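Here is a short set of exercises to work through with the model open beside you. Try each task before reading its solution.

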Amino acid sequence: MSAIKEPVVIHKGLDNVYVKESRICFIDGEASKLFYRGYSIEELAGHSTYEETAYLLIYGSLPTAQQLDKFTRSLESYRSLEPAVLELIRSLPSRSDPMDVLRTAVSALGSYDPRPMTDDMNVRIDKSLRILAKLPTIITTFDRLRNQKQPVLPRGLESQAAEFLYMLTGDEPDPGDVHALDVALILHAEHEMNASTFACTVTASTLADMYSIMTSGIGTLRGPLHGGANEAALRTVLEVGTPSKAENYVADALAQKKRIMGFGHRVYKTWDPRYLILKRYAGELAAKKGQTQLFDTAVAIENSARKHLEGTPIFPNVDSYSGIVFHLLGIPTDLFTPIFAMSRIAGWTAHVIEYLETNRLIRPKALYVGPVGLPYIPIDSRSGSAGE
Ligand SMILES: CC(C)(COP(=O)(O)OP(=O)(O)OC[C@H]1O[C@@H](n2cnc3c(N)ncnc32)[C@H](O)[C@@H]1OP(=O)(O)O)[C@@H](O)C(=O)NCCC(=O)NCCS
């Protein structure tokens, strides 16, 4: 018996495999361009808000003032947590990784929805928006509880960014800080068929409910090869400490074949356009907060890395300065990936809805290279080696 009937190409990592046509996001990795629904990321970061961007991604066009108002009010009305979900968060160990808490809480939300399954796209979107609106509440509630503080209830502030900063600290958020976080949320909201978006798409293709879909996305984003690089980039900057130590750090790291965090990308072979925007905000925030050494160290690492990596397609990516921005906003390092999820859920939703319009169950194949037709060995006669 032959296991293989035809020549097979294995696409490890699914590099360059297209799973659908899409109208959501275009990345030109050679020209340093990123577009959401045809609008450049520079235009959106310069003029839009996260709410407007989320609307654009999910519904396909920029909202009118009236549509945006209705959308924002819906999000405000969805932000509170069910008491049972709050109790669930309270019951989790305070040493839990916040991404585990997020995944558990979003999964639990499904149990409190009397009808989680639906074929209606508008109802699907509504369920997703309920999750989107609750993510800042889940993240900040856990952070406060683990620090022996009472959770701060949502106050009906108009933006995801303002409400997040308010619920994190209990203080009136600074408008400049809100704006910087809002821009960071816009920049993280969507990035084509990345690993977590694909995970959501696979789950959606089985016609599973939105809670299961978003839980898949959160679980996939949690990995250090996907959502965790900005934490690592910030740790590097904090470890290096001063600009004068940057050159030695970079030279040693590259000599030891280590990667410089915040550099390199599977799609961008030049500047990641999001990096340029975040670098500007990181610089402005650092000056405002009197933490210029942190920013100057990051710039020195970047300059050294660019010098050493000259002639390669390895350039700074979004993570080189996003961690600095979050850190300067007073956000604990292990909340960086949850913030990424809080933003990316807009892109996940857009892709899921688009895929379901012409759904086909995603079911790839694995090339079997093991034996077939082995005689069954009774348990008493087995010598035992595998799994010992
Ligand atoms: C993001 C990343 C996984 C993309 O990598 P990729 O396109 O799949 O490229 P590869 O991992 O195949 O690396 C290709 C070469 O570039 C080198 N390289 C890639 N990123 C590098 C980095 N950040 N620093 C130093 N060298 C790097 C690799 O060592 C490899 O060199 P080699 O051919 O001599 O072995 C990779 O650049 C990386 O690990 N970056 C650091 C983590 C990071 O910032 N992630 C956030 C991405 S938004």
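A polar contact is a pair of N or O atoms within 3.5 Å. Please keep in mind that this is a predicted model.

**Exercise 1. The ligand**

Task: Find which residues come nearest to the ligand, and list polar atom pairs that link the ligand to the protein.

Solution:
- Step 1. Start with the surroundings: 14 residues lie around the ligand, and those that come nearest are R259, I260, G262, F263 and R266.
- Step 2. Look at the side chain of R259, where an N or O atom is 2.8 Å from an oxygen atom of the ligand.
- Step 3. Move to F263, which uses its backbone: an N or O atom there lies 2.8 Å from a nitrogen atom of the ligand.
- Step 4. Finish with K269, which has a polar side-chain atom 3.4 Å from an oxygen atom of the ligand.

**Exercise 2. Helices α6 and α16**

Task: Work out how α6 and α16 are oriented to each other, and describe the residues where they meet.

Solution:
- Step 1. Locate the pair: α6 covers residues 121-146 and α16 covers residues 336-357.
- Step 2. Read the geometry: the axes are 9 Å apart, and the packing angle is about 170°.
- Step 3. Apply the cut-off: angles over 145 degrees count as roughly antiparallel, and α6 and α16 are therefore roughly antiparallel.
- Step 4. List the contact residues. From α6 come M121, R124, I125, S128, I131, L132, L135, P136 and I139. Their partners in α16 are P338, I339, A341, M342, I345, A346, T349, I353, L356 and E357.
- Step 5. Sort the residues of this contact by type: 15 are nonpolar, 2 polar and 2 charged.
- Step 6. Recall a rule of helix geometry that helps when reading such lists: with 3.6 residues a turn, residues three or four places apart in an α-helix point the same way.

**Exercise 3. R146**

Task: Decide whether R146 is buried or exposed, and find its contacts.

Solution:
- Step 1. Place the residue: R146 belongs to helix α6.
- Step 2. Check its accessibility: R146 has a relative accessible area of 17%, and is therefore buried, the limit being under 20%.
- Step 3. Find a polar partner: the side chains of R146 and D143 make a polar contact at 2.7 Å.
- Step 4. Set aside neighbours within four places in sequence; R146 is then in contact with S94, P98, P332, D334 and L335.

**Exercise 4. Helices α5 and α10**

Task: Repeat the orientation analysis for α5 and α10.

Solution:
- Step 1. Take the geometry: the axis of α5 (residues 98-111) comes within 9 Å of the axis of α10, and the two cross at roughly 175°.
- Step 2. Draw the conclusion: α5 is therefore roughly antiparallel to α10.
- Step 3. Name the residues that meet: M99, L102, R103, V106, S107, L109 and G110 on the α5 side, with Y211, M214, T215, I218, G219 and L221 on the α10 side.
- Step 4. Classify the residues of this contact: 8 nonpolar, 4 polar and 1 charged.

**Exercise 5. Helix α9 and its flanking loops**

Task: Establish how many residues of α9 are buried and what covers them, then examine the phi values of E192 and L207.

Solution:
- Step 1. Count: α9 (residues 195-205) has 8 buried residues out of 11, and is mostly covered.
- Step 2. Name the buried residues: S196, T197, A199, C200, T201, T203, A204 and S205.
- Step 3. Identify the cover, which includes α10 (210-221) and α16.
- Step 4. Turn to the loop between α8 (175-188) and α9, where E192 is found. E192 is not a glycine, yet its phi is positive, near 60°. At 34% relative accessibility, E192 is partly exposed.
- Step 5. Go to the loop between α9 and α10, home of L207. L207 also has a positive phi, near 65°, and its 44% relative accessibility makes it partly exposed.
- Step 6. Set this against the general rule: most residues other than glycine have a negative phi.

**Exercise 6. Two exposed residues**

Task: Classify K365 and L225 by accessibility, and give a long-range distance for each.

Solution:
- Step 1. K365 is in the segment after α16, and at 78% relative accessibility K365 is exposed.
- Step 2. From K365 to M261 the C-alpha separation is 33 Å, with their positions 104 residues apart in sequence.
- Step 3. L225 sits in the loop between α10 and α11 (229-240), and at 89% relative accessibility L225 is exposed.
- Step 4. L225 and Y59 are 30 Å apart, C-alpha to C-alpha, and 166 residues apart in sequence.

Notes
Residues are numbered from 1 along each chain as its sequence is written. This is a predicted model: local features need pLDDT of at least 70, side-chain atom pairs count only at pLDDT 80 or more; totals for chains, interfaces and linings use all residues. Side-chain values use heavy atoms; hydrogens and water are left out. Axes are lines fitted to C-alpha atoms, for helices over the stretch in contact, and angles run from 0 to 180 degrees between N-to-C directions. Helices (H or I, at least four residues) and strands (E, at least two) are DSSP runs, numbered from the N terminus. Angles under 35 degrees count as roughly parallel, over 145 as roughly antiparallel, 65 to 115 as roughly perpendicular and the rest as oblique. Contact means heavy atoms within 4.5 Å. Ala, Val, Leu, Ile, Met, Phe, Trp, Tyr, Cys and Pro count as nonpolar, Asp, Glu, Lys and Arg as charged, and the others, Gly among them, as polar. Buried means under 20% relative accessible area, exposed over 50%, partly exposed in between (1.4 Å probe, protein chains only). A residue is near a molecule or strand if one of its heavy atoms lies within 4 Å of it. A polar contact is a pair of N or O atoms within 3.5 Å; within protein, one must be able to donate a hydrogen and the other to accept it, and residues adjacent in sequence count only if both atoms are side-chain atoms.
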